[in-house]
Amino acid sequence: MTHGKGTALASASTHAVSAPMARQRCINAACAATFDIRTTLVACSKCGNLLDLDYDWSRFPYRDWHEFELRSNTTGPRSAAGVYPSTPAMLDFSGVWRFRDLLPFYEDERNIVTIGEGRTNLQRADQLASVIGLDAGNLYLQYEGFNPSGSFKDNGMTAAFTHARMVGAKRVACASTGNTSAALAVYGTLTGMRCYVFIGDGKIAYGKLSQALEYGATTLQIAGDFDACLARIRYIAEERKDVGVYLMNSVNPFRLEGQKSIMFRILEGLNWEVPDWIIVPGGNLGNCSAFGKAFMELHALGMINKIPRLAIIQAQGSRTLDRIYNELNVRWQPAATAQSRSAEGLASLRGTWDMAKVDAEYARMDAANERAHTIATAIEINRPVNLPKALRALHVMNGVVRSVDDHCIVEHKALVGRYGFGCEPASAASVAGARILLREGVIKKHERVACVLTGHVLKDPDVTVAYHTGMSKKDAGKREASRDVHIPLGCSVNRPVRVPDDLDAILKAMEA
Ligand code: F0G
């Protein structure tokens, strides 16, 4: 870890090598097995549950954010995508590795794989706030679509590729609904690792498929959905060691370490003030899990004095967590009660949950042949692999879960675009969720809300163009209102205007 002061920290020419202070640990308190940081595992080899990164924080050097802030002013050759070994200036340039002391698994800074990810925006969105019913100054949008491959996945991929390099991986693979494959492929091409992406046939937006193809990943379109793809590649990574693939999906705990940085950047954007709410779409539930871990650790380290509440928003057609949390009442049972500001609080990172109830729900879904279906393809997932960690995040952050229908998603996507930089359908679920929670009175209009916009508006132009061209303003009012927010469909439709190539006609159209 780096212990320097001031700008010396940013421009140091020596590379800090951390003493071993990290290990992998099973989150199931009844097992809690630990594994060396250099082991490559898809799950706990003792009980099959999820693994986490567990740190010895006693050597964490800071008590405030000052040192992290200084790194933003780093000098020297900062962006050198794919260059190895990494220099401190390259790491300070990254919005993930600027916070490297908060994910200190990498042992040697030179191991870190960075392509300049995480330089994303937090937009104060006053116009949108007034539309959804929040006071001005209380709605913030975290645009993770500004990452190099166009989604939040780069935050996680940089960390997982760092671990892959530490263990000498040559082949990496993932199942994906789109964004993971694009992120995997861009890091793969820049590091020289061979990439495999498994995608469900017809279940991926073209913008994303094009990236995986362009970056040279071997792309297997499997006749099945995301869950089927993940089951296949997971089996190959776990059981067919002869193939030698390193798994990059969010069951990989290293990925989630990188995704914690999205929260660090929201705090940075708010001048280190903790918002009241973090709202995020939920698919495989990796992102929300990372956020819960981030806040738990920051609180235990004394870096923050309150933990924001969490809202996980799913699509109505893909609401497994919503059912398990709100209807079956499955909850995280921590191994120990968190004690504020003390490292013991971290003990509640391990816990138990009603595994039998979850398994029974999955069996019911299979028997009923219930399959996820939503326009927000990114979150079209039946069995979210990070479900226990999401329950943990909900526990730590006093969270809630809601689902929104596809109409509501599309309307809010258009609103985000109308008043800002735009986002893909899955991302808009967060803003739609904020509106619903406001209407329910769960969120108050004077509370400060940060919605994570997970992917770029250009991911799924088909949905956008269909929305704007598929119905006239006149028709829109007559259509059935969205069940969730009771707003007429097509509120933000902006139809292209056909005009002859004639100056008068063009000027007239411009005045209309
Ligand atoms: N938003 C976007 C844009 C996504 O691509 C995803 C997941 C999510 C939200 C859900 O995040 O899984 O952490 O709950 N996309 C995956 C993929 C599954 O393959 O790209 P999560």
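Me: Is Arg 100 buried or exposed in this model, and what is its relative accessible area?

Reply: Arg 100 is buried, with a relative accessible area of 0%, and since the model is a predicted one, this value, like the others discussed here, is computed from the predicted coordinates. The general idea to keep in mind is that side chains of opposite charge can pair when their charged atoms come close. In this structure Arg 100 forms a salt bridge with Asp 92, and the closest N and O atoms of the two are 2.9 Å apart. Asp 92 is buried too, at a relative accessible area of 1%.

Me: Which residues are linked with Asp 92 and Arg 100 in a network of salt bridges?

Reply: The network of salt bridges links Arg 71, Asp 92, Arg 100, Asp 101 and Glu 109.

Me: How many salt bridges does the count come to, and what should I look for in a single pair?

Reply: The count comes to 33 salt bridges, under a rule that asks for a side-chain nitrogen of Lys or Arg within 4 Å of a carboxyl oxygen of Asp or Glu. For a single pair, one may look at the distance, then at the elements that hold the two residues, and then at their accessibility. Asp 54 and Arg 23 meet through their side chains in a salt bridge, with 3.2 Å from N to O. This pair links distant parts of the chain, as Asp 54 belongs to strand β3 (residues 51–55) and Arg 23 to strand β1 (residues 22–26), with their positions 31 residues apart in the numbering. Asp 54 is buried, at a relative accessible area of 13%, whereas Arg 23 counts as partly exposed at 36% relative accessibility.

Me: Where do Asp 366 and Arg 383 lie, and how far apart are their closest N and O atoms?

Reply: The salt bridge between Asp 366 and Arg 383 has its closest N and O atoms 2.4 Å apart. Asp 366 is part of helix α13 (residues 355–367), while Arg 383 is in the loop between α13 and α14 (387–396), so the pair ties together parts that are 17 residues apart in sequence. Asp 366 counts as partly exposed at 41% relative accessibility, and Arg 383 likewise counts as partly exposed, at 35%.

Me: Turning to the ligand, which residues come nearest to it, and which backbone atoms lie beside its polar atoms?

Reply: One can begin with the shell of residues and then go on to individual atoms. There are 20 residues around the ligand, of which Thr 177, Asn 179, Asn 284, Leu 285 and Thr 454 come nearest. At the level of atoms, a backbone N or O atom of Asn 284 lies 2.7 Å from an oxygen atom of the ligand, and a backbone N or O atom of Thr 180 lies 2.8 Å from a ligand oxygen atom. For Ala 378, a backbone N or O atom lies 3.5 Å from a nitrogen atom of the ligand. On its own the ligand has 480 Å² of accessible area, and the protein covers 99% of this.

Me: What is the largest cavity, and which elements give two or more residues to the shell around the ligand?

Reply: The largest cavity is the space taken by the ligand. The elements that give two or more residues to the shell are α6 (179–191) and α11 (286–300).

Me: Leu 285 was among the residues that come nearest to the ligand; what is its phi?

Reply: A backbone angle is best read together with the place of the residue. Leu 285 has a positive phi of about 70 degrees, although it is not a glycine, and its place is the loop between β10 (277–281) and α11. Leu 285 is buried, with a relative accessible area of 2%. Asn 398, which is not a glycine either, has a positive phi of about 50 degrees; this residue is in the loop between α14 and β14 (400–404), and Asn 398 is partly exposed, with a relative accessible area of 46%.

Me: Which residues does a cis peptide bond join, and what is omega there?

Reply: The cis peptide bond joins Tyr 84 and Pro 85, with omega at about -5 degrees. Pro 85 is found in the loop between α2 (66–71) and α3 (88–93). Ser 79 also lies in the loop between α2 and α3, and at 49% relative accessibility Ser 79 counts as partly exposed.

Definitions and conventions. Residues numbered from 1 in each chain as written. Predicted model: local features only at pLDDT ≥ 70, side-chain atom pairs only at ≥ 80, totals over all residues. Heavy atoms only, no water. Helix = DSSP H or I, 4+ residues; strand = E, 2+ residues; numbered from the N terminus. Buried < 20%, exposed > 50% of the residue type's maximum accessible area, 1.4 Å probe, protein only. Near = heavy atom within 4 Å. Polar contact = N/O pair within 3.5 Å; in protein donor to acceptor, adjacent residues only side chain to side chain. Areas by Shrake-Rupley, 256 points an atom, 1.4 Å probe, with all protein chains shown as cover. 1 Å grid on protein atoms, 1.4 Å probe; cavity = no way out; pocket = protein on both sides within 12 Å on 5 of 7 lines; lining within 4 Å. Sits in = over half its atoms within 2 Å of the grid points.
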